[in-house]
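Good morning, everyone, and thank you for making time for this. Please have the sequence and the model open while I speak, as I will go through a few single residues and then turn to the chain as a whole.

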Amino acid sequence: MSADRLRLDDHIAALDAPEGLKAVLSVVAATCAQISDVVAGGALAGALGASGQINVQDEEQKKLDVMTDDMLTQALLACPAIAGVASEEKDEAEIGTNAAGEYLALFDPLDGSSNIDINAPVGTIVSVLKSPSATPTQGDFLQPGRQQVAALYAVYGPQTMLVLTTGDGVRGFTLSNDGQWFLTHDAIAISPDTKEFAINVSNQRHWAEPVQRYVQALLQGEEGPRAKNFNMRWVAAMVADVHRILMRGGVFFYPWDRREPNKPGKLRLMYEGNPMAFLIEQAGGKATTDGVQAILDVPPTQLHQRIPVALGSANEIDAFAGA
Ligand code: AFP
């Protein structure tokens, strides 16, 4: 089945990229394969339930949040090319001791934590930046998304897949039973139009008026101003919703809402918004905060800063912007 397919290791080796970046990508891929095993083990791997700890986001950490954060942190800090790591689960970035460190890795080790105990899809999201030195400061992590040199996610679903960009398109690799990643989706491209949207409609009454107007028009279907019917999906794991959009088009929103008016949105810029935006743009889609402002152009001010998100099929994001 996979003998004639390109292995991820060979794809990475053939990249026109520095050896250090290749090493970082290989470490992330190997660690995601290990995380896949732990996720698949569920209760048998002690991977379900709460850890009893609260993270910097003031969210209750699941056991799997802590386990995967440790796995990625240890593997990356042991990679000579890594100068430091930052994580959704850590208050501050962790600076490494690699004298030749030249890259920063920022990650959400387990995206979709609320899905863990119900056996629904979860994932790992990773952003890679150049480090200005082998001993970076906390501020060195605050680079705009356009500075990323690679972005990838693993989605742990019926299949485990790793979707990667290094700036020359988007490719999908599927994990085999013997722990090898094989190219199964080359040159992923997002259709510019769609009939499928993803948003948590239970928050509808809290949205700003334009968002309410836009979603209401989708819900009116062919009887409404859009004159076509739409389908809705909400997996409660950004990584799974973005994967669906890369596979068959669509749009995803997590807008500002008035429940916490001082919070721009729920999703985090540095290790959710930026890596996903890099992938979406590389696949021909749009990734914005409001339908217009590109996520990749947002100037970071804090490691855990949040942003509103509107991304996916380009023409539908334009329609959202015009709502
Ligand atoms: P968790 O990792 O805390 O479950 O949050 C996942 C997430 O940040 C993102 O992956 C989902 O799209 C979104 O939250 C789901 O938010 P709701 O639970 O409010 O629908």
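Let me begin in the loop between β10, residues 181-185, and β11, residues 196-198, because that is where A187 has its place. This model is a predicted one, and in it A187 has a phi near 45°, which is a positive value in a residue other than glycine. To see what stands out here, keep in mind that most residues other than glycine have a negative phi. Is A187 buried or exposed? Its relative accessibility is 59%, and because the cut-off for exposed is over 50%, A187 counts as exposed.

There is a second residue of this kind, A236, which is not a glycine and yet has a positive phi of about 65°. You will find A236 in the loop between β12, residues 231-232, and the helix α5, residues 238-248. With a relative accessible area of 34%, A236 is partly exposed.

Now please move to T288, which belongs to strand β15, residues 286-288. Its relative accessibility is 2%, and since buried means under 20%, T288 counts as buried. Which residues does T288 touch, once its neighbours within four places in sequence are left aside? The contacts are with Q293, A294, I295, P308, V309, A310 and I317. In addition, the side chain of T288 reaches the backbone nitrogen of G291 at a distance of 2.6 Å.

With those residues in mind, let us step back to the whole protein chain, whose secondary structure comes to 7 helices and 17 strands. Of its 323 residues, 56% count as buried, and T288 is a buried residue that we have already met. If we take the contacts between residues at least 6 apart in sequence, 63% of them join residues that are at least 24 apart.

As for overall dimensions, the C-alpha trace spans about 60 × 45 × 40 Å along its principal axes. The radius of gyration is 19 Å, and this agrees with a compact globule, because a globule with 323 residues would have a value near 20 Å.

Finally, a word on the surface and the charges: the chain exposes about 13,300 Å², and carbon and sulfur atoms supply 50% of that area. There are 24 positive and 39 negative side chains, and the centres of these two sets lie 6 Å apart.

Notes: Residues numbered from 1 in each chain as written. Predicted model: local features only at pLDDT ≥ 70, side-chain atom pairs only at ≥ 80, totals over all residues. Heavy atoms only, no water. Helix = DSSP H or I, 4+ residues; strand = E, 2+ residues; numbered from the N terminus. Rg over C-alpha atoms; globule rule 2.2 N^0.38 Å. Buried < 20%, exposed > 50% of the residue type's maximum accessible area, 1.4 Å probe, protein only. Contact = heavy atoms within 4.5 Å. Areas by Shrake-Rupley, 256 points an atom, 1.4 Å probe, with all protein chains shown as cover. Lys, Arg positive; Asp, Glu negative; His and termini not counted. Charge placed at Lys NZ, Arg CZ, Asp CG, Glu CD. Polar contact = N/O pair within 3.5 Å; in protein donor to acceptor, adjacent residues only side chain to side chain.
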